[in-house]
Amino acid sequence: MAVNPDFQGKGLSREIMKQFIAKVSGASKIWLVTHPENKAVKFYESFGFKITERKENYFGDGTPRVKMVLNITQNA
Ligand SMILES: CC(C)(COP(=O)(O)OP(=O)(O)OC[C@H]1O[C@@H](n2cnc3c(N)ncnc32)[C@H](O)[C@@H]1OP(=O)(O)O)[C@@H](O)C(=O)NCCC(=O)NCCS
């Protein structure tokens, strides 16, 4: 997820994520990857996403990423 810096901090991502999770309620889980030091980790955790694994060279450029999973069925 990425929001134009001019529009960050206005609650857009929180609203988009809320609607996205509601629309995919038929799925069993949602997963994503992000940098372990990205402030977005806390944002995703606030929806119930949990870090399930970390890879040190995820995209082959030497930078780490964490995989975060939201289990929809447990979240319901
Ligand atoms: C992460 C990102 C998508 C958040 O978008 P946003 O529309 O600004 O987020 P919101 O205004 O909905 O805020 C959601 C949460 O983000 C966090 N957040 C937003 N702005 C923040 C800031 N300047 N510093 C720290 N945390 C911040 C807060 O935890 C906030 O939670 P709250 O609602 O309890 O206050 C945005 O900062 C972004 O585009 N970043 C660059 C791209 C990126 O790194 N994306 C994630 C990669 S997976």
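**A tour from Phe-49 to the ligand**

Select Phe-49 and look at what surrounds it: leaving aside residues up to four places away in sequence, Phe-49 touches Tyr-44, Met-68, Val-69 and Leu-70. Keep in mind that this is a predicted model.

Now add Val-66 to the selection. Together with Tyr-44, Phe-49, Met-68 and Leu-70, Val-66 forms the largest nonpolar core, which has 5 residues. Which strand gives the most to this core? Strand 3 does, with 3 residues.

Next, select strand 3, residues 65-71, along with strand 1. The two run antiparallel and are joined by 6 bridges. To see one pairing, pick Lys-29: its bridge partner in strand 3 is Asn-71.

Widen the view to the sheet. This open sheet has 3 strands in the order 1-3-2, and the pairing is antiparallel. Why is one side of strand 1 and of strand 2 left without a neighbour in the sheet? Strand 1 (29-34) and strand 2 (50-55) stand at the edges and each has a single partner strand, so nothing in the sheet lies on the other side of either. On average, neighbouring strands of this sheet are turned by 20° against each other, direction ignored.

Last, select the ligand and the 16 residues around it. The nearest of these are Gln-8, Ser-13, Arg-14, Thr-34 and Ala-40. Sorted by class, the shell around the ligand holds 6 nonpolar, 6 polar and 4 charged residues. To finish, colour helix 1 (12-23) and helix 2 (40-45); each supplies at least two residues of that shell.

Note on methods: Residues numbered from 1 in each chain as written. Predicted model: local features only at pLDDT ≥ 70, side-chain atom pairs only at ≥ 80, totals over all residues. Pairing = 2+ DSSP bridges. Helix = DSSP H or I, 4+ residues; strand = E, 2+ residues; numbered from the N terminus. Axes fitted to C-alpha atoms, helices over the stretch in contact; angles between N-to-C directions. Near = placed C-beta within 6 Å. Nonpolar A, V, L, I, M, F, W, Y, C, P; charged D, E, K, R; others polar. Core = buried A, V, L, I, M, F, W, Y, C linked by C-beta atoms within 7 Å. Buried ≥ 20, exposed ≤ 12 C-beta atoms within 10 Å, placed from the backbone. Contact = placed C-beta atoms within 7 Å.
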